[in-house]
2 protein chains.
Amino acid sequence: MIVSREQAERADAQDPLRALRGAFDLPPGVIYLDGNSLGPPPRQALERLRRTADHEWKGGLIRSWNGHDGGERWIDLASRCGAKIAPLIGADAGDVIVCDSVSVNLFKLAAALISAGGRRALWIEEGEFPTDGYILDGLSRLTGAPLSRLEPGTDLSHAAGGVLVKSLAHYKTAAVADMAAHERNAQAHDAAIIWDLSHGAGVLDINVKAAGAKYAIGCGYKYMNGGPGAPAFIYVDGAVANHLDQPISGWMGHADPFAFGRDYAPASGVARFAAGTPQILSLSALDAALDIFRGVEMAALEQKARALGDLFIVRAREAGLSPIAVNGRRGGHVSIPHPNGYSIVQALIAKGVIGDFRAPDLMRFGFSPLFLSYAEVWESGDVLRAIMETEQWRADEYAQAGPVT
Amino acid sequence: MIVSREQAERADAQDPLRALRGAFDLPPGVIYLDGNSLGPPPRQALERLRRTADHEWKGGLIRSWNGHDGGERWIDLASRCGAKIAPLIGADAGDVIVCDSVSVNLFKLAAALISAGGRRALWIEEGEFPTDGYILDGLSRLTGAPLSRLEPGTDLSHAAGGVLVKSLAHYKTAAVADMAAHERNAQAHDAAIIWDLSHGAGVLDINVKAAGAKYAIGCGYKYMNGGPGAPAFIYVDGAVANHLDQPISGWMGHADPFAFGRDYAPASGVARFAAGTPQILSLSALDAALDIFRGVEMAALEQKARALGDLFIVRAREAGLSPIAVNGRRGGHVSIPHPNGYSIVQALIAKGVIGDFRAPDLMRFGFSPLFLSYAEVWESGDVLRAIMETEQWRADEYAQAGPVT
């Protein structure tokens, strides 16, 4: 256990992941504890974006859809990018595609599952990430499929024969669900789980295949560092994808989009979950950002995120705060409830320590292991303690006003 | 009528829009007749993209959602970008939002309309842009709302009480529908029309409000030059938007997304049609590209596109080809059927004249009036004629192979 700045620095010197920090170009004077909300840009993502804009769009113009003059071939970039995400979640390369947003992908996947016969009821746990509930609610309003709320920890027998959406890592507590146990439970009750990997992919050691998980969605702009609002991904087990019919059946998910045939015929596998034309600039940044993970063990990332978070928890306690404790595996973030959380986070940001705030009272700090050092986390603890001891957060400038992101 | 290169150059000298060419940086040796498929980058879009990446993402990090250090405020960029599109289609500034793709937006809008009570049947004309049909088909499969095909030109009484999707400018023929007449007809039969403006917005003088059109979707990457796969837009008349419930009800369309409330409550107006987090890199490029239209009369753009297309038609006929004739208004492109169309387009591209090909036999050329000159169109006619006279397109290298974009 690290109990001094010197020990933190020693941990950095021994950190097998420390070289990865060089792939990022973080602004001076900032300790970035919000890579769980928006990852910072890897240098290669910024370079790629310039190349995509200047060489592929400006130079190649329409020709870049088929690849032009050494540029990327846009038409299958979504699949190639999906193949880079696959090893991060333990999926086969052909079972992941990048497209749309998490919201749209959840809609497509849940709609496909309730259309596949048999399962009709939609389920979500109380306290889940709200937008996942909004999307299921929308699907319910459109189709009449009933949406019900499950108390967390409830046996899945209540959701027998239904479709449940569940976060792997909870967006507030960071508690990590036991994927394999839930899958066994779900399959015993003929329920299907759509895993929302948004707060886990890129930081946790996930193995959907080993756990028996068949359906998942997730986010490209958090631990994957794909850029603001980066496109999302969707995973469907190759053994079942061809049985699913997703309703936003646009031309990019067509078996032969450029035949311009009158009738829809879905592409084989998860590719059928693509809908419209991908936003190539955003997709390209994500595609380049993912190259950072090449050769990196996800278990090592999870382990370092845990160690960084553990260090922060100790330091937050020293500052008189009570971080939410998690039994078992924890995602890459740590949340601390405080009635003045908004103001404390603002005061921290003013001192260069960037975290975020989730209404009504939660301060949230992310420990992205790709670029954060133990010394930085130690330092953030000093800043936090100073703010709490001096009550600097009471300054007028940190009072809550306007929307919070 | 222009019958010589000199006259083409004179037309350029007198062109009130000629200064706009300087806003683009087209590759040397290229005559770009495909701005209808992918607009070239305005210089300011490339600059903005660099600023968004380097200043806002890298420098501002998560803070840029609320605007940081002079950068754009991301959280309402989709609405501000929509407000820039509004004058291009004759809508009120608050009635347009940029989000997702055309396919996803059509799904949301059609779903909202069949959910709004009364109207249930979905209609599309035979020969419409295929992906619009695929999307309605998907909505039909999910909800059971019947999808039927209407013969073009059929009276809308067949679609009484239904929801019809219709392109303003046809993707093949470029024929422009009489929006006001169709709206009168539709309203007489209690039908709702969703206008697909993809092949018209940014080049035609569109006035949805004057025509009584209430619902439209459209594309950001064609005549708007927003970048490859740029996000799409959605227009809903402010008088009816609050009566519509779209099913992909993600947090970005929530009245108060950062309250993280359990239950969905739609934002007021067209903003409720947003779903997930916007892809900011792509959205920013579009937002900057739209500034080109400031102070430009859409009628002047339509007029120049028409004149450029007319000139090309004359030249194509001289080359022995038979462009599709359009009575009345025409969109920004001209299509030419030919059994060897694919090879002819490839031969043209090899000579620097970039058009595209639409299966099974259509060569398609776009005349984006923001950057094309009469002299370029004249020159493209020379290239086309040479290729046809010498039958260069028969060369093996131009034979069709692989996918066509």
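Let me start with the largest nonpolar core, meaning a set of buried Ala, Val, Leu, Ile, Met, Phe, Trp, Tyr and Cys residues joined through side-chain atoms within 4.5 Å, where buried stands for under 20% relative accessible area, exposed for over 50%, and partly exposed for what lies in between, with a 1.4 Å probe and protein chains only. This core has 305 residues, and those touching the most other members are Ile89(A), Leu197(A) and Leu197(B). Please keep in mind that this is a predicted model, in which local features need pLDDT of at least 70 and side-chain atom pairs count only at pLDDT 80 or more, while totals for chains, interfaces and linings use all residues. Residues are numbered from 1 along each chain as its sequence is written, chains are lettered from A in the order in which they are written, and side-chain values use heavy atoms, without hydrogens and water.

Let me now turn to the charged pairs. Over all chains there are 68 salt bridges, each being a side-chain nitrogen of Lys or Arg within 4 Å of a carboxyl oxygen of Asp or Glu. In one of them, Lys304(A) pairs with Asp15(A), with the closest N and O atoms 2.7 Å apart. Lys304(A) counts as buried because its relative accessibility is 6%, and Asp15(A) counts as buried because its own is 5%.

Which residue of chain A forms a salt bridge with Asp263(B)? The partner is Arg149(A), and the closest N and O atoms are 3.8 Å apart. Asp263(B) is partly exposed, at 46% relative accessible area, and Arg149(A), at 25% relative accessibility, also counts as partly exposed.
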